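Dear colleague,

Please find below the structure that I am handing over to you. My findings follow directly after it.

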Amino acid sequence: MKTSPLILWFRQDLRLQHHPAFEVAKATGLPILPLYILDDDTPGPWKMGAAQRWWLHHSLLSLNKDLDAQGGKLILRRGSPSRVLQDVLQETGAQSIYWSRCYEPFSIVRDTGLKKDFIEQGITIKSFNSSLLFEPWEIKNQQGQPYKIFTQFWKKCLAQGPRFSIFENTTLAQFYTHLKSEDLTTWELTPTHPNWAHGFSELWQPGEDGAHQKLEIFFTHHLKEYKETRNRPGYYGTSRLSPHLHFGEISPHQIWRCFQQLTNSPPSSESYLAEIGWREFCYHLLYAFPSLPERPFQKKFTDFQWKNNNDTLKAWQQGNTGYPIVDAGMRELWHTGWMHNRVRMIVASFLTKHLLLSWQEGEKWFWNTLVDADLANNAANWQWIAGCGADAAPYFRIFNPTLQGEKFDPQGDYVRRWVPELKNLSNSFIHKPWQASAAELNQAGVILGKTYPLPLVNHGDARDRALESYRQL
Ligand SMILES: Cc1cc2nc3c(=O)[nH]c(=O)nc-3n(C[C@H](O)[C@H](O)[C@H](O)COP(=O)(O)OP(=O)(O)OC[C@H]3O[C@@H](n4cnc5c(N)ncnc54)[C@H](O)[C@@H]3O)c2cc1C
């Protein structure tokens, strides 16, 4: 007779190393049934975006390969988690379900309901933290309230220090492989007509191996100069771990441990860990203020008069605003599913201040096009840039896209890569082609308004208009 298995429900924890739920499951000695459920009925607008579906497809393949190497098999099922789990319990006689916690408000509602229902049926449910250094409810200020200022939050985190144990892979897992799985290709997670994701695999290798390769590249080549180079979009200066972290192919604990093991920690380490800290802060905010993805954190922005203009929104989405650094960013996003952080800030400021389009429009576009789209990080950062978030940049701080381009992409490498129609312009005009002489434009083969758009708005006018709208709040 087959022993009933323990269900290990994978969600945003697509890895096998340092996976608390997997390790505790192994220790039970029960055969483990690894399960992934594709739930296309997420409430509200937050169904998984298109770029993330591409990532998920490849990450599931990778997880299945890693499980196979240990004698296991990933079971794929589509449908509502409640129904699928019920089916699998019945089909196998399993008595326990283990999972890693998710923190989106809709995930918390779902998991709380599932836990209650299954416990009533006598099923054992165990959940684990596998994706954050601190539980989002754990860090509190002196009044017992959540923090709203990053520096204070992170100081407290560092003083407290993350409490976790890194699990070493010592116990061998027994797997339950008798269940039928759906065929991943029938889920149609990757685009075909047209295959807009054809450039993604040049940059990304979804899965645990890919995550560790990125970590190693970063530690070996880029960490030392991270502080100086992290703002240069034309340079490989950041870790590019964001999609791997989002899908849980690597955990922040593993990254933290790598820093602890450095014998000579470079000054950049602190800056890098602070970025991991921002991720923790975004989750802290989302947990305390679950309306963060939909509504402004600062109530006074509720009545802000955002414009409604499909033409300018489309020009921004397609990278046709006439501001080279903005267009380069939006095209990098489309081609790779990722955008450099400095440029995310520039394009977000441009959307919300130069075009006066709402941050929610930008948030939605990023949600659909980023491979690292993450409810907490996306919402908190959009609100931060728009000026309506917690600890936000003040609304009147409006990025000048030309100066930002000149400062952070001084040689124009980034713009030349993503806006090739400008590649022959000299460095003096690569960030402001409208100021180039007719002769210079002619020589570079640029016809403004034809081969490259004229600026959608004039920076000075747009700035005045944004400030006026803010004054009217
Ligand atoms: C408008 C806007 C939207 C954003 N949307 C997302 C999103 O959906 N998903 C996402 O992961 N990041 C988002 N970010 C944050 C940041 O841009 C990315 O995390 C970063 O560019 C990822 O590249 P990296 O892994 O090379 O970063 P690194 O510089 O190597 O940083 C290491 C890790 O720290 C975390 N991190 C870095 N910066 C931030 C930040 N500002 N906020 C929160 N976490 C941070 C990420 O997990 C990142 O992988 C957004 C930023 C802006 C301005």
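The protein chain falls into three domains: domain 1 (6-129), domain 2 (131-164 + 207-288) and domain 3 (299-471). Please keep in mind that this is a predicted model.

I begin with the interface of domain 1 and domain 2. Their centres, taken over C-alpha atoms, are 25 Å apart. Domain 1 brings 20 residues to the contact, and domain 2 brings 23 residues. About 2000 Å² of area is buried between domain 1 and domain 2, and carbon and sulfur atoms give 52% of that area. Within domain 1, the residues that lose the most area to domain 2 are Trp55, Tyr103 and Asn129, which together make up 34% of what that side buries.

Polar and charged groups also meet across this interface. Between domain 1 and domain 2 there are two salt bridges, and 14 residue pairs are in polar contact. On the side of domain 1 that touches domain 2, α2 (50-69) and α4 (105-120) each supply at least two residues. The helix that gives the most to this side is α2, with seven residues. By type, the residues of this side comprise seven nonpolar, seven polar and six charged.

Next come the salt bridges, of which the whole count is 16. As general background, side chains of opposite charge can pair when their charged atoms come close. Three pairs may serve as examples.

- Arginine 53 and aspartate 40 form a salt bridge through their side chains, at 3.0 Å from N to O. Arginine 53 belongs to helix α2, while aspartate 40 sits in the loop between β2 (32-38) and α2, 13 residues apart. Arginine 53 has 13% relative accessibility and therefore counts as buried, whereas aspartate 40, at 23%, is partly exposed.
- Aspartate 209 in helix α7 and lysine 65 in helix α2 are 144 residues apart along the chain. Their side chains meet in a salt bridge of 3.8 Å, N to O. Aspartate 209 is partly exposed, its relative accessible area being 38%.
- Glutamate 91 and arginine 77 are joined by a salt bridge of 3.2 Å, N to O. Because glutamate 91 lies in helix α3 (residues 81-92) and arginine 77 in strand β3 (residues 75-78), the pair ties together parts that are 14 residues apart in sequence. Glutamate 91 is partly exposed at 44%, but arginine 77 is buried at 13% relative accessibility.

In addition, Arg11, Arg110 and Asp111 are joined into one network by salt bridges that share partners.

Is glycine 210 buried or exposed? With a relative accessible area of 4%, glycine 210 is buried. Glycine 210 is found in helix α7 (residues 208-222). Apart from its neighbours within four places in sequence, glycine 210 is in contact with Gln205 and His244. The C-alpha atoms of glycine 210 and histidine 244 lie 8.1 Å from each other, although the two residues are 34 residues apart along the chain.

Finally, I turn to helix α12 (residues 310-318), in which Thr312, Leu313, Ala315, Trp316 and Gln317 are buried. These buried residues pack against α13 (324-336), α14 (341-354), α15 (359-369) and α16 (375-386). The N-terminal end of α12 is capped by asparagine 309, which has a side-chain oxygen 3.0 Å from the backbone nitrogen of aspartate 311. After α12 comes glycine 319, with a positive phi near 70 degrees.

Yours sincerely

Definitions and conventions
Residues numbered from 1 in each chain as written. Predicted model: local features only at pLDDT ≥ 70, side-chain atom pairs only at ≥ 80, totals over all residues. Heavy atoms only, no water. Domains from an automatic or database assignment. Contact = heavy atoms within 4.5 Å. Buried area = accessible area lost by both parts, 1.4 Å probe. Salt bridge = Lys/Arg side-chain N within 4 Å of Asp/Glu carboxyl O. Polar contact = N/O pair within 3.5 Å; in protein donor to acceptor, adjacent residues only side chain to side chain. Helix = DSSP H or I, 4+ residues; strand = E, 2+ residues; numbered from the N terminus. Nonpolar A, V, L, I, M, F, W, Y, C, P; charged D, E, K, R; others polar. Buried < 20%, exposed > 50% of the residue type's maximum accessible area, 1.4 Å probe, protein only.
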